[in-house]
Amino acid sequence: MNDIFVSESVVKSQLDIADKLKTEENKKVCILTFGCQQNEADSEILSGICERAGYAETDNPKEADLILINTCAIREHAELKALSRTGQFKKLKEQNKGLLIGVCGCMAEQKERREALMKSYPYVDFVFGTDRLFMLPEIIKNAKTAKKRGVYISDLPHGEFGIIAEGLPLRRNSLHKAKVSIMYGCDNFCTYCVVPYVRGRERSRNSQAVLKEVEGLVLSGYKDIMLLGQNVNSYNGDISFPKLLEKAGSFDGEYFLRFMTSHPKDASSELVDVIRDVPNVAKQFHLPVQSGNNRVLSAMNRRYTREKYLEKALEIKSKVPGITMTTDIICGFPTETEEEFLETVDIIKQVEFDMIFTFLYSPRPGTPAAKMDDQIPHEEKVRRFELLSSVQNDIADKINESYVGKTVRVLCDSFENGMCSGRTSGNKIVNFTGSSKIGSFANVKITSSAAYTLKGEEI
Ligand code: SF4
């Protein structure tokens, strides 16, 4: 791969353009974000660049001078939602010719999607790809003067694209919770997933840059920090992911350090040891299993077996007692038979996850699974979904009941009328009576439980 880093001088020249744009006053930007945490993190960069260019942020598109739609292509539902919101801005554009509308994110990266979008929504002024965020000042400047609509997509050959820009401004959504991207893209090519096609091959930030960002957050009082990547276990900076996690969790002060997402084939014992041994590293592990059947796992190109997954999950649970374990399941992958599905139900029972995130399979254009015969009918996917949910609800109920009478450390996220709500190191939601300030820790005695929440009182 060529040099994956944008040079400092290029970043500086973009920020200089932003500074020049700042001379116009009272501008507002409305950023709509669809999809995953990576998109949310990207939107914080978009917001930071806009702030540098003089745009205050608004939730109301009607008062915006610039609307940015950060799209997701992972599931059909997210795509349709983004398109429907884009469609609603036609009137606004007719009423305000100076309004600029831009579309970015994963949908912008897919040629067919991008071309269809530009054709169906002629009032969209520009589209730009996931690795072109750093160019936003230039993109806005061009849109203000250009007669032509702008398309800013990586010009490197597919498979090599992917550029990391350090030093971009960020406007974070929270004063105590932060996301830190450590890597971008994915090399795994699971057959149902569009990520490698829209976000390119894996490329990692340098550990010094990541650690500097985490340290800055800890010093500024952030208490819940999430390291983000499509597959953090294959982080390939200058140190391994477990080492990065250990260092990022070792700054002075109390905070929860989380990470998302792990691929089971790459989750190492060293990583589990770091979770166990470093107090600030959150006692939570999200390990997406997707299916409990070996033939389906192979058809998904997941490159682990049911047995290997179980071995890893049980290692995590035995090394870190009380750890919260969560997973993702795809319901109704093409060709999945009833018996194969029941093996997924069985793995849920064996591991006893605290929570499962179940998704109805939706074919993503361009992926191998979308072309497979024997697509499962929607009603059947829903039936399997409901069965999984009911099995999981009982398991979650039982796990949460075991918290009653115990005292847990909770980071307060909200406070209203004497009622606080927050999360534990294991990411359990706790509603409690008390007087904790948002962003501070409290010891909470659990008095009752439901499947996905705990109730208690501050002690
Ligand atoms: S690991 Fe698989 S599911 Fe996850 S982003 Fe990569 S290709 Fe998609």
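These notebook entries record what I looked up in this structure, topic by topic.

**Entry 1. The model**

I noted at the outset that the model is predicted.

**Entry 2. The ligand shell**

I began with the ligand and asked which residues lie around it. I found C186, N188, F189, C190, Y192, C193, V195, P196, Q230, H263 and R302. I then sorted this shell by class and obtained seven nonpolar, three polar and one charged residues. Two members of the shell, F189 and Y192, return below under the aromatic pairs.

**Entry 3. Aromatic pairs**

I recorded that a pair of aromatic rings is described by the distance of the centres and the angle of the planes. I then looked up how many aromatic pairs the structure has, and the count is nine. One of them joins F189 and Y197, with ring centres 5.4 Å apart and planes at 80°, so I entered the pair as edge-to-face. I checked how far each partner is open to the surroundings. F189 has a relative accessible area of 30% and is partly exposed; Y197, at 28%, is partly exposed too.

I turned next to Y192 and F333, which also form an edge-to-face pair, with 6.4 Å from centre to centre and 85° between the planes. Where do Y192 and F333 lie along the chain? I placed Y192 in the loop between strand 8 (183-184) and helix 8 (195-199), and F333 in the loop between strand 13 and helix 14; the pair therefore ties together parts that are 141 residues apart in sequence. Are these two residues buried or exposed? Y192 counts as buried because its relative accessibility, 12%, is under the 20% limit. F333 is buried as well, at 0% relative accessibility. I also noted that ring pairs link Y192, F333 and Y361 into a cluster.

**Entry 4. Charges over rings**

I looked for charged side chains placed over aromatic rings. The charged end of R75 sits over the ring of F359, at 3.8 Å from the ring centre. K406 lies over the face of Y403, and here the distance to the ring centre is 5.8 Å.

**Entry 5. Backbone details**

I looked up a cis peptide bond and found one running from M260 to T261, with omega near 5°. T261 belongs to the loop between strand 11 (256-260) and helix 11 (269-277).

I then examined positive phi values in residues other than glycine. T335 has phi near 80°, and I located T335 in the loop between strand 13 (324-331) and helix 14 (338-351). T335 counts as partly exposed, with 23% relative accessibility. D374 has phi near 60° and lies in the loop between strand 14 (355-360) and helix 15 (378-401). I entered D374 as exposed because its relative accessible area is 57%, which is over the 50% limit.

**Entry 6. Cavities**

I searched the whole structure for cavities of 30 Å³ or more and found two. The largest cavity has a volume of about 180 Å³. Its lining is made up of 15 residues, of which T130, D131, L133, I163 and Y184 are the closest to the centre. By class, I listed eight nonpolar, two polar and five charged residues in this lining.

The second largest cavity holds about 40 Å³ of space. I asked which residues line the second largest cavity. They are L257, R258, F259, A282, Q284, F285 and H286. Strand 11 and strand 12 (284-286) each supply at least two residues of this lining. By class, the lining comprises four nonpolar, two polar and one charged residues.

**Entry 7. The second largest pocket**

I closed with the second largest pocket, whose volume is about 440 Å³. I counted 22 lining residues, and those closest to the centre are E166, L168, L170, R205 and E213. Which elements give two or more residues to the lining of the second largest pocket? I identified helix 2 (37-52), strand 7 (177-181) and helix 9 (207-219). Helix 9 gives the most, with five residues. Sorted by class, the lining of this pocket has 11 nonpolar, four polar and seven charged residues.

Notes. Residues numbered from 1 in each chain as written. Predicted model: local features only at pLDDT ≥ 70, side-chain atom pairs only at ≥ 80, totals over all residues. Heavy atoms only, no water. Near = heavy atom within 4 Å. Nonpolar A, V, L, I, M, F, W, Y, C, P; charged D, E, K, R; others polar. Helix = DSSP H or I, 4+ residues; strand = E, 2+ residues; numbered from the N terminus. Buried < 20%, exposed > 50% of the residue type's maximum accessible area, 1.4 Å probe, protein only. 1 Å grid on protein atoms, 1.4 Å probe; cavity = no way out; pocket = protein on both sides within 12 Å on 5 of 7 lines; lining within 4 Å. Points joined across faces, edges and corners; volume = space filled by probe spheres on them. Phe/Tyr/Trp six-rings, centres within 6.5 Å; stacked < 30°, edge-to-face > 60°. Lys NZ or Arg CZ within 6 Å of the ring centre and 35° of its normal.
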